[in-house]
Amino acid sequence: MEDRWLQTLIDGLHSRYAGVTKGEVANYIPELGKASPDHFGIAIATSAGQVFETGNSDTLFTLQSVSKPFAFGMALEAFGEEKVARHVGVEPSGDSFNSIELEKVTNRPFNPMVNAGAITVTALLYQKYGDQAMDRILTRLSAAAGRDLGIDEDVYRSESKTGHRNRAIAYLLLNFDMVPEEVEPALDLYFKQCSILVNTRDLAIMSATLCNLGKNPVTGEEVYDLDAVRNMLSIMFTCGMYDYSGEWAYRVGVPAKSGVSGGVMAVVNRQLGIASYSPKLDAKGNSCRGINVCTDLAQELGLHTFDCM
Ligand code: GLN
């Protein structure tokens, strides 16, 4: 009850930005184009397990790229840092999320937050777990959210049918031996992983699981080991908002990840998991209202990593 002010704060942010209409709903995956541009949810989960939510925080949407750090964490745990580093780098690309660009010399994708790197990570998980891989991913992400998650079959089919660019990226990766032979089932797994359904409240709890050293603060379940969380957050800090990551680090100053369906999660280490959902995106593929909400929260609560120096 004493944290009622957090509820008041997010209610205020919701009314401040509900009128913002700029941006476009993504429609390169046709099914995503059906999202209501008006939907707007905000949620915060604390490391003590309290959850605050406002607006359309119950509306379901697909994780898309927000799934990438969670899959990366699973790959780190399954293979160890060294093996993963042979397949994917840790440098910001400075390029769009769907760029068909690999590192010079190593031919690795730049990082696991752009599509090329995420497809590589998912291909490694497919190689290890085969047909069990999707269940493993769903189980892990469900543990992070604290409830059983499923996938949106329509979005999955829509991306699977139209994802030619990701297919091209995957075959380029095969050309450079970054992914194993079985490209099609690995891509299928990637499309399914992107189609996992959450609401804003789930996303705040997933984010709080990362802020809470890998332990879901609502259920108490240990979801990721500490080393994996440290690496997931580092990559989110430098690469999580695509080619807006530098600007984000400067203005907001906490690790974050966005997805093209309009979700944004931001992690305040040891304190808060923040999530926002609003499907209208800017030119870089980040939710316009999501950026507004997180920027204001960071300023009003002094959340920037270097605020306390
Ligand atoms: N599934 C989407 C894609 O591969 C994810 C991209 C995103 O959210 N930026 O294009």
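Me: Which are the buried residues of helix 9?

Reply: Happy to start there, with a note that this is a predicted model, in which local features need pLDDT of at least 70, side-chain atom pairs count only at pLDDT 80 or more, and totals for chains, interfaces and linings use all residues. Residues are numbered from 1 along each chain as its sequence is written. Helices (H or I, at least four residues) and strands (E, at least two) are DSSP runs, numbered from the N terminus, and a residue is buried if 20 or more other C-beta atoms lie within 10 Å of its own, exposed if 12 or fewer, and partly exposed in between, with C-beta atoms placed from the backbone. Twelve of the twelve residues of helix 9 are buried, so this helix is largely enclosed by the rest of the structure; they are Thr200, Arg201, Asp202, Leu203, Ala204, Ile205, Met206, Ser207, Ala208, Thr209, Leu210 and Cys211.

Me: What phi does leucine 213 take?

Reply: Helix 9 reaches 16 Å from its first C-alpha to its last, close to the 16 Å expected (1.5 Å times one less than its number of residues). Leucine 213 comes just after helix 9. Its phi is positive, about 60°.

Me: Which element gives the most to the side of domain 1 that touches domain 2?

Reply: The assignment, automatic or from a database, gives domain 1 (4-62 + 197-301) and domain 2 (65-194). Their contact (C-beta atoms, placed from the backbone, within 7 Å) takes 38 residues from domain 1 and 33 residues from domain 2. Elements giving two or more residues to the domain 1 side include helix 9 (200-211), helix 10 (226-239) and strand 7 (263-268). With eight residues, the one that gives the most is helix 10.

Me: How many residues of the shell around the ligand are charged?

Reply: A residue counts as near the ligand if its C-beta atom, placed from the backbone, lies within 6 Å of it; among those around the ligand are Gln64, Phe97, Glu159, Cys194 and Gly285. Each of domain 1 and domain 2 supplies at least three residues to this shell. Here Ala, Val, Leu, Ile, Met, Phe, Trp, Tyr, Cys and Pro count as nonpolar, Asp, Glu, Lys and Arg as charged, and the others, Gly among them, as polar. The shell divides into three nonpolar residues, seven polar and, as charged, one.

Me: Why do the buried residues of helix 1 lie on the same side?

Reply: The buried residues of helix 1 are Ile10, Leu13, His14 and Tyr17. They pack against strand 2 (41-46), strand 3 (51-55) and helix 12 (288-301), while the face turned away carries the exposed residues Arg4, Trp5, Thr8 and Ser15. An α-helix has 3.6 residues a turn, so residues three or four places apart point the same way. The buried residues of helix 1 are on the same side because the arc they cover, taken from the directions from the helix axis to the C-beta atoms, is only 100°.

Me: Is alanine 71 buried or exposed?

Reply: Alanine 71 sits in helix 2 (residues 67-79). Beyond residues up to four places away in sequence, alanine 71 touches Ala118, Val121, Thr122, Leu125, Ile137 and Gln193. It has 24 C-beta neighbours inside 10 Å, so alanine 71 counts as buried.

Me: Which residues is aspartate 225 in contact with, leaving aside its neighbours within four places in sequence?

Reply: Aspartate 225 is found in the loop between helix 9 and helix 10. With 13 other C-beta atoms within 10 Å, aspartate 225 is partly exposed. Leaving those sequence neighbours aside, its contacts are Glu77 and Gly214.

Definitions and conventions
Contact = placed C-beta atoms within 7 Å.
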